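Work through the exercises below with the sequence and the structure open. Try each task before reading its solution.

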Amino acid sequence: MRESGRGEAPLADRMRPTSLEHILGQDKWLGSGGLIRMALENDHIPSLILWGPPGCGKTTLARVIAAHTRNRFESVSAVFSGVRELRAVVERAQMVRNTEGVGTIFFVDEIHRFNKSQQDAFLPFVEDGTLILIGATTENPSFELNNALLSRCRVVVLEPLSEMALVTLLGRALDDPVAGYGERAVHLEEGVLAEMARRAGGDARYALNLLETLVELTGEAPGRKLGVGDLEKSLTQRSALFDRAGEGHYNLISALHKSLRGSDVDASLYWLARMLEGGEDGLYIARRMIRFATEDVGNADPQALAVALHARDAFHFLGSPEGDLALAQAVVYLATAPKSNSIYEAFTLARRRAAESGYMPPPLHILNAPTALMKKLGYGSGYRYAHDYEGGYVAQEYLPDALRGERFYQPVERGFEREIARRLAFWQRLKNKEKNKKND
């Protein structure tokens, strides 16, 4: 009987598919009419960038592609390789191309780790066909790769595996007598594989690691059915999928912002938790919530800005995890607050008009006249002091003459902005009344 887990490859590596038919979850590319299947059938592989989350099969797919063609296969990890290693690959590729007429598939794992000069180093050889590049990345290629390199590759977006696909994969591992546990009496209670698939979050490698941990740590009880309780005991907590420095950082803060804007309190709390569990700086989240309070709530609820600022201060004082609740409290408040982007729209319009209008002096009557000359020139002439009038308001112009009558701020009929709209309408009526008097 095979002694599993001792001096041999991990289960995830042993169960790596060796044919297209055994790769799960990527039917768009591998099914009938799919780009990669058609390329293999024609034995004409273009350079590819495989973009997808961890454990979706990027490395496996590259190896299967290489095995189904007449090309040689070379692979490097961008984490451990530099220009010297790239030049060695190119030299070997050129030699076999000239002597044997065989191409080279060059697989670069984590290609986003290569800097611009490293990407430039092999670009000419991708262009002239010396290398067929297959790069694997978890990051958005449009941010991480040179445009020149991207233009010579097809980007293949791989999806995380569905829970059904992961259950199928785990079942294969249990049944396989050579690479898996088919020779061992492994019995699982109903629902254990589904729970593993749920916890794996689309990551095949993580799912297989879970199974391996469960089986190896509980292997001393042959014949006993392993349940979810056994899984909990053997499970090491997995960090939420989140990359503070990469696209995931911007994706999750975008998800939080849009969930707040959509008044979905549960989704907002979920994305907040995802970011904090992934190690995001709580002060960064607080800054974004302060921005949200002004951009998307504004004067519909003026208290929202104060709540966001207090959450920032509380988190700064307490730190994590104690301060996390302050952020959660602010998230709930912001998600359930009435929404208005009138401040954002008004200031955007005012800024644009300020840039377009150039230098327009204020009306003379609202300028101070600290000198006799300025008084003689009309500075301050005709200015009316608002507190001298009933209601503390008097109709007069404050904008430059060329912008007279322009309106930037348009309050919505939600929250406190209803009251602001009522005040503006009242002052507009007084202004119209005075204008009519002058016309009469």
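**Exercise 1.** Decide whether Val 155 is buried, partly exposed or exposed.

Solution. Start with the cut-offs: buried means under 20% relative accessible area, exposed over 50%, and partly exposed in between (1.4 Å probe, protein chains only). Val 155 has a relative accessibility of 33%, so Val 155 counts as partly exposed. Next, place the residue: Val 155 lies in strand β5, residues 154-157. Strands (E, at least two residues) and helices (H or I, at least four) are DSSP runs, numbered from the N terminus. Then list its contacts, a contact being heavy atoms within 4.5 Å. Not counting residues up to four places away in sequence, Val 155 touches Trp 29, Ile 49, Trp 51, Pro 141 and Leu 150.

The model is predicted: local features need pLDDT of at least 70, side-chain atom pairs count only at pLDDT 80 or more, and totals for chains, interfaces and linings use all residues. Residues are numbered from 1 along each chain as its sequence is written, and side-chain values use heavy atoms, with hydrogens and water left out.

**Exercise 2.** Find out how many disulfides the structure holds, and explain the result for Cys 153.

Solution. A disulfide is a covalent bond between the sulfur atoms of two cysteines. Here the test is a pair of cysteine sulfur atoms within 2.5 Å. The structure holds zero disulfides. The sulfur of Cys 153 is 17 Å from the closest cysteine sulfur, in Cys 56, which is too far for a bond. Now check the accessibility of both residues: Cys 56 is buried at 3%, and Cys 153 is buried at 10%.

**Exercise 3.** Compare the expected span of helix α16 with the distance between its end C-alpha atoms, then say where its buried residues lie.

Solution. The expected span is 1.5 Å times one less than the number of residues. Helix α16 (residues 303-318) has 16 residues and should span 22 Å; its end C-alpha atoms are 22 Å apart, so the two values agree. The buried residues in α16 are Ala 304, Val 307, Ala 308, Ala 311 and Phe 315. These residues cover an arc of only 95° around the axis, which puts them on the same side of α16. The arc is taken from the directions from the helix axis to the C-beta atoms. An α-helix has 3.6 residues a turn, so residues three or four places apart point the same way. On the other side of α16, His 310, His 316 and Phe 317 are exposed. The buried residues of α16 pack against α15 (282-297) and α17 (324-336).

**Exercise 4.** Which residues does Asp 324 contact, leaving aside its neighbours within four places in sequence?

Solution. First locate Asp 324, which is found in helix α17. At 19% relative accessible area, Asp 324 is buried. Its contacts are Leu 276, Phe 315 and Gly 319. Of these, Phe 315 is a buried residue of α16, while Gly 319 follows α16 and has a positive phi, near 75°. Leu 276 is among the buried residues of α14.

**Exercise 5.** Name the helix that gives the most to the largest nonpolar core.

Solution. A nonpolar core is a set of buried Ala, Val, Leu, Ile, Met, Phe, Trp, Tyr and Cys residues joined through side-chain atoms within 4.5 Å. The largest one has 52 residues, and Leu 208 is one of those that touch the most other members. Helix α11 (residues 204-217) gives the most to this core, with eight residues. Apart from it lies another core, of 27 residues, including Met 275 and Val 331.
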